[in-house]
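Okay, thanks for coming, everyone. Let me put the structure up on the screen, and then we can walk through it together.

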Amino acid sequence: MTIMTDTKVPPALPDRLSINPRSPHHVAEVFEFNVGIRINGKERFDVEEYCISEGWIKVASHKALDRRGQPLLMTIKGEVEAFYK
């Protein structure tokens with residue numbers, strides 16, 4: 001008796017990833033799984049975009065918006081680690 005399980009293997013995490021679907025760095029297949037981001041050893045839950053090789057993350061500012069109504073992004077530099085939860 002063979003039991004078929006639908007276990008998807010997560011794709012490799014890219015060096016740069018954005019949650020904004022309009023960004024060229026958005027990879028929809030990655031977001032089918034839970035992705036975690038650590039910067040300088042602390043896990044962040046508000047990351048909009050990251051780049052591992054350049055060592056930065058972007059997070060939305062609380063109230064400021066750009067001219068298109070999107071939140072302004074602040075860059076935080078440090079050692080970035082992306083992982084699947």
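I'll go through the sheets, then the core, and then a couple of glutamates.

One caveat before anything else: this is a predicted model. Keep that in mind as I talk.

So, the sheets. Let's start with the one that has four strands. They form an open sheet in the order S1-S4-S5-S6, and the pairing is antiparallel. Which strands sit at the edges here? That would be S1 and S6, each with a single partner strand, so each has one side without a neighbour in the sheet. If you look at how neighbouring strands are turned against each other, ignoring direction, the average is 25°.

Now let's walk across that sheet. S1, residues 16–18, pairs with S4 in the antiparallel sense over three bridges. Within that pair, Leu-17 stands opposite Tyr-50 of S4. Next door, S4 and S5 run antiparallel and are joined by four bridges. Tyr-50 turns up again there, standing opposite Ile-57 in S5. S4 and S5 also make a hairpin, with four residues between them, and in the turn you'll find Gly-55 with a positive phi of about 75°.

Keep going and you reach S6, which is residues 71–77 and is joined to S5, again antiparallel, by six bridges. Two pairs to point at: Lys-58 stands opposite Thr-75 in S6, and Val-59 has Met-74 in S6 as its bridge partner. This is a hairpin too, with five residues between S5 and S6, and here the turn holds Gly-69, with a positive phi of about 85°.

Okay, other sheet. Three strands this time, open, in the order S3-S2-S7, with antiparallel pairing. The edge strands are S3, residues 42–44, and S7, and each of those pairs on one side only. From one strand to the next the twist averages 35°. S2 and S7 run antiparallel, joined by five bridges, and Ile-39 has Val-80 in S7 as its bridge partner.

Right, the core. How many residues make up the largest nonpolar core? Ten in all: Leu-17, Val-30, Ile-37, Ile-39, Val-47, Tyr-50, Ile-57, Val-59, Val-80 and Ala-82. Four strands each supply at least two residues of this core: S2 (35–39), S4 (47–51), S5 (56–65) and S7 (80–84). So if you were following the bridge partners, you've met some of these already: Leu-17 opposite Tyr-50, Tyr-50 opposite Ile-57, and Ile-39 with Val-80.

Let me stay with one core residue for a second, Val-59. Leaving out residues up to four places away in sequence, Val-59 touches Arg-44, Asp-46, Val-47, Glu-48, Leu-72, Leu-73, Met-74 and Ile-76. Met-74 in that list is its bridge partner in S6.

Back to S4 for a moment. S4 is mostly covered, with four of its five residues buried. That brings me to Glu-49, which lies in S4. Is Glu-49 buried or exposed? Glu-49 counts as buried because its relative accessible area is 9%, and the cut-off for buried is under 20%. So what does the acid group have for company? The side chain of Glu-49 makes a polar contact with the side chain of Arg-16, at 3.0 Å. Again leaving out residues up to four places away, Glu-49 touches Arg-16, Leu-17, Ser-18, His-25, Trp-56, Ile-57 and Lys-58.

For contrast, here's another glutamate, Glu-32. Where is it? Glu-32 is in the loop between S1 and S2. Glu-32 has a relative accessible area of 49%, which means it is partly exposed. Its side chain has a polar contact as well, of 2.7 Å, with the side chain of Lys-8. And one spacing to finish on: Glu-32 and Pro-14 are 18 residues apart in sequence, and their C-alpha atoms are 14 Å apart in space.

That's my tour. Happy to take questions.

Methods. Residues numbered from 1 in each chain as written. Predicted model: local features only at pLDDT ≥ 70, side-chain atom pairs only at ≥ 80, totals over all residues. Heavy atoms only, no water. Core = buried A, V, L, I, M, F, W, Y, C linked by side-chain atoms within 4.5 Å. Buried < 20%, exposed > 50% of the residue type's maximum accessible area, 1.4 Å probe, protein only. Contact = heavy atoms within 4.5 Å. Polar contact = N/O pair within 3.5 Å; in protein donor to acceptor, adjacent residues only side chain to side chain. Pairing = 2+ DSSP bridges. Axes fitted to C-alpha atoms, helices over the stretch in contact; angles between N-to-C directions.
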